[in-house]
Amino acid sequence: MALFEHTGTTQKVNLDDTEACCCTIETAQTIDGHTEYVLRVQRGPYPENSWRILRRYNDFATLNKCLQISGIDLSFPGKKLIGNMRPDFIAERLNALQEYINQVLMNPILASSLPTKKFIDPDTYSTPFHDLALQYASMSLRTDGVFTLGQSLGPIGWRLRKHYFKVVHKPQGNKHSPGHSTTKHHLIKSSSQSHGKQHTTQVCVTTSTEKDYNSTSRDQSGRDDLILTWTEFGPDRYIDEKEIHTVLKNFGGVQHPYVVPIEHIASNDCGALVIRKFYKHGSLKDVLCSASPCNPFLSKYGSPKGRAPLPLKELALYARQVLEAIRFLHSKGVACGHVHCGNVIVVDGVAKLMDVENFIFGVPSFYRPFFVQHSKINTCEAIDVYGFGHLLYEMCMGYPLQDSYARQITDCPDSLKSLLESILSKEACKSALPTLDQLATHPFFGEYAGQFNEQYAMTIAMQKPHLKFSTSAKEQLKLAVQKTENRVRDEQRSVKNQKRLVRVQEMMTSEEEKKKIKQKAKQAKLRAQNSLQLNNGPPSLGASGSGASGNGGGSGGMAATLHLSSSTGGIVKSSSANSITSPQEGGLMSPPPHAMDSGGSTSPQPPPSAPPIPAPVPSLPAFQSNATAGTAPASTSSTAEAAATVRTNGDAYHAAGWAGRPHGSQCSPGGDPRYGSL
C-alpha cells in the first residue's frame, strides 16, 4: 500500500524537480453529491514512484485559472450545471480533463510552475519555499555588514527553489538616516507565502519598486543595482560540506571577460546566495522574446509576442564568446551544465555567461530530460556541448528547439547548418558530439567571426582570467564531476530499460492494435504541439514521425476506467491531505493495468471486455488487478488501450514527458534562469 501513498516527510529531500511526471485519471466516483476524480501520478520511469490523489472539477478549474497568465491556449472543458451527474457525461468529462492535464505536463514551462506542481504533488510542494529563502538570505546578510536584503522580485524564474531579491548597499554613518529607514522599509516578504497568492490569483502587477528596477540600473548613490538569488542545493551537490564554503569563496573571485562577475557569495547547510549586478535589459532570452526581466516567467515565455533571430555576425560573436567562457571553466575542472539563452547577458556587444556556480550547487539542468534519452551524452563536457547547441539553435531560429534533437535544420547558411547538425542531429546524439576545442575551430566561426581570436588575445591581455582552487578543492570538484556523470548514466540506463519494456509490451499486441496505439500517440502529440505553437514560432518539422513512443502520455493513448460509487463507499483519503487509500467497503475503481499488485510486483494482464452498463461492483482489494475489475461504461477496454496505459507510465518519462513537449512554442528551454529566464 505504501507504493500508492504519498505522504509528507520532515526529512530534507533533494528532489530533482526536472524529473518528468505523468498523470492518469483512473476513475471517477460520486461522493456527497459531487464527482471526484482519482488521479495516479508517476514521477520518473518506474511505477514504484507513484501515488494517488483526489481532485474535483473545481480543482482543475483553479489550476487552469492560475495558468492563464501564460497566454497558452489550453483545451479546458467548460462547466455544466445541468446533467453533470450522468455517467455518460462524467465519462466524457474524464477524457477531456485527461487531455487537458496531458497538455499541461507536456509543456515544460507549465509543468515546472508551482500551481502545476502543487496540483499533482501537493505533499511535496506545499513547503513555503519563498519564505524559507527569505529567512536564509536575511540571516546570511545580517552578519555581512555590506548588503541589505530588499524587495522580492517574485516568480521571475522557473525554478521553484530559486528566489530573487533586490539588494542594496548598507548606508554608511548614522543608522537612523533617511536612507537607512528607506532600506528597512523594503525589507518585506513577498505578497504571499511561496508566491501562493500570485499563482492563485495571477495578478501580475509590477510594483513601483520593480518598475524602478526595470528602468534603471543604478541606485540613488550612483552604485549599480544588485540582484540576489537564493538557491537550494540540488541532488547533484557532491562537494563535502566542510569544503563547499572554501570552494564557493574561491569561486567568488572568478574573473573572465566573458563571465559575469560575482559580487558576493555565501552558503549554509541548505543552499547558497549569490549577488550580482542587475542588468536592466535582462538575459539574451529576454532580448529574443522582447520581455521585461522582472515579469513573471509564465507571462514572459508562455506566449511571447515578439521573436526574432540574431544577425549572423552577432550570433557568431556571442556564441564564440560563450564558448570561450565554457572552455575556461572546464580548464579549471568546473563544468557548467546550464548553457542556454537565459544564462547569457549581452553588455555593449559582449556576451557573458552567468550562473556558472550552479554546478557546485548541484541543481539539475532544465535540459536534463532531453539528454538522458541519449546514452552518448554522458559526460559534463558533452552536456555543455549539447546545451551550447540549443543556445545556437535559439539564437539562429528565434525560438527554442522543441525536441531532444533537430529532425531538420533549414533557413540558415550551410556552415551554420553543419555546426548545428554536428550537435543536434539524431545521428550526432546517437554517436558522439564534438569537443569544445573542435567547436572553436569550426568553419562557421571563421566565416562570420574571423577576427575573434585576435580580439580575444587582446582582451585577455588586459583582463587576465583568474579562477584558483586549493588542492583539496580540486579533488572535491573532480569527485563531483565523476558522481554527476554516474547519475546521468544511471538515469540513461533506466530510460533505456523502460523503452525495452514498452517494446516488449507492444510485441504482445496484434499488428492492428499497434497501429491504433501509434496513431493515438501521433494525434495526441500533434494536437499538443499545434496548440502550443499557435502564437510562438513555426511548428516542429516532422513531429508526426515520432513513432509509437513519441508520446505515450497523450490523451488518445490513455485508458481510464470509470465507476460511480455511492457516497458511502469508494476511495477515501489517507492521513496525507491529498493522497488516497482503498476503503474497506463500498464500490472502488480498479487501478490501471500497470498498477502494482499487493505483492509489489507488476501484473500487466489484459482486461476483459467491458459490459454495456456496469452493475454495482462489489468492493475490490486496493491493488486488485484490472483483469478482475469492472471497467468503464464510456468505452470498452482493449489490449491496445492497456498497452497505451502502460506507455503512459513507462515511455512517458522519456517521450511524452519531455520529447513530446513542444519545447519551442510557449515553452522555453534552459537550465537555471536569470531574471526569470529558463
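Helix α12 (residues 312-331) and helix α20 (residues 452-462) cross at roughly 50°, and their axes come within 12 Å. That angle makes α12 oblique to α20. Keep in mind as you read that this is a predicted model, with an average pLDDT of 75 over the protein chain. The points below start with this helix pair, move on to two others, and then turn to the two sheets and to the stretches where confidence drops.

**Helix α12 with helix α20**
- The crossing of these two helices, α12 and α20, is right-handed.
- On the α12 side, the residues that meet α20 are L317, R320, Q321 and E324.
- Their counterparts in α20 are F452, N453 and Y456.
- Sorted by class, the residues of this contact between α12 and α20 are three nonpolar, two polar and two charged.

**Helix α15 with helix α16**
- Helix α15 spans residues 380-397 and helix α16 spans residues 414-424; they pack with their axes 9 Å apart, at an angle of about 140°.
- This pair is oblique too, because an angle has to be over 145 degrees to count as roughly antiparallel.
- As for handedness, α15 passes α16 in a left-handed crossing.
- From α15, the contact draws on V385, Y386, F388, G389, H390, L392, Y393 and C396.
- From α16, it draws on L416, L419, L420, I423 and L424.
- The class tally for α15 with α16 is 11 nonpolar residues and two polar ones, with no charged residues.

**The three-strand sheet and its helices**
- Here is an open sheet of three strands in the order β1-β2-β3, and the pairing is antiparallel.
- The edges are taken by β1 (21-31) and β3 (50-56); each has a single partner strand, so one side of each is left without a neighbour in the sheet.
- On average, neighbouring strands of this sheet are turned by 25° against each other, direction ignored.
- Seven bridges hold the antiparallel pairing of strand β2 (residues 34-43) with β3.
- If you would like a residue pair to look for on screen, L39 stands opposite I53 in β3.
- Helix α1 (residues 57-67) packs on this sheet and touches β1, β2 and β3, with its direction at about 95° to that of β3.
- Helix α2 (residues 87-105) also packs on the sheet, where it touches β1 and β2; the direction of α2 makes about 155° with that of β1.

**Helix α1 with helix α2**
- The two helices on that sheet also pack with one another: α1 and α2 have their axes 12 Å apart, at an angle of about 30°.
- Their crossing, α1 with α2, is left-handed.
- On α1 the contact is made by Y57, F60, L63, N64 and L67, and on α2 by R93, L97, Y100, I101 and V104.
- By class, eight nonpolar residues, one polar and one charged make up the contact of α1 with α2.

**The five-strand sheet**
- A further open sheet has five strands, ordered β4-β5-β6-β8-β7, again with antiparallel pairing.
- Its edge strands are β4 (147-152) and β7 (264-267), and each of them pairs on one side only.
- From one strand to the next, the twist averages 30°.
- Strand β6 (residues 226-232) and strand β8 (residues 271-277) run antiparallel and are joined by seven bridges.
- A handy residue pair to find here is E232, which stands opposite G271 in β8.

**Where confidence drops**
- Along the protein chain, 68% of the residues score a pLDDT of at least 70.
- Over residues 174-212, pLDDT stays under 50, and the model has 63 contacts beyond four places in sequence for this stretch.
- Residues 539-678 form another stretch with pLDDT under 50 throughout; for these residues the model has 457 contacts beyond four places in sequence.

Terms used. Residues are numbered from 1 along each chain as its sequence is written. This is a predicted model: local features need pLDDT of at least 70, side-chain atom pairs count only at pLDDT 80 or more; totals for chains, interfaces and linings use all residues. Side-chain values use heavy atoms; hydrogens and water are left out. Two strands pair if DSSP finds at least two bridges between them. Helices (H or I, at least four residues) and strands (E, at least two) are DSSP runs, numbered from the N terminus. Axes are lines fitted to C-alpha atoms, for helices over the stretch in contact, and angles run from 0 to 180 degrees between N-to-C directions. Contact means heavy atoms within 4.5 Å. pLDDT is the predictor's confidence in each residue, from 0 to 100. Angles under 35 degrees count as roughly parallel, over 145 as roughly antiparallel, 65 to 115 as roughly perpendicular and the rest as oblique. A crossing is left-handed if the near helix is turned anticlockwise from the far one by less than a right angle, and right-handed if clockwise. Ala, Val, Leu, Ile, Met, Phe, Trp, Tyr, Cys and Pro count as nonpolar, Asp, Glu, Lys and Arg as charged, and the others, Gly among them, as polar.
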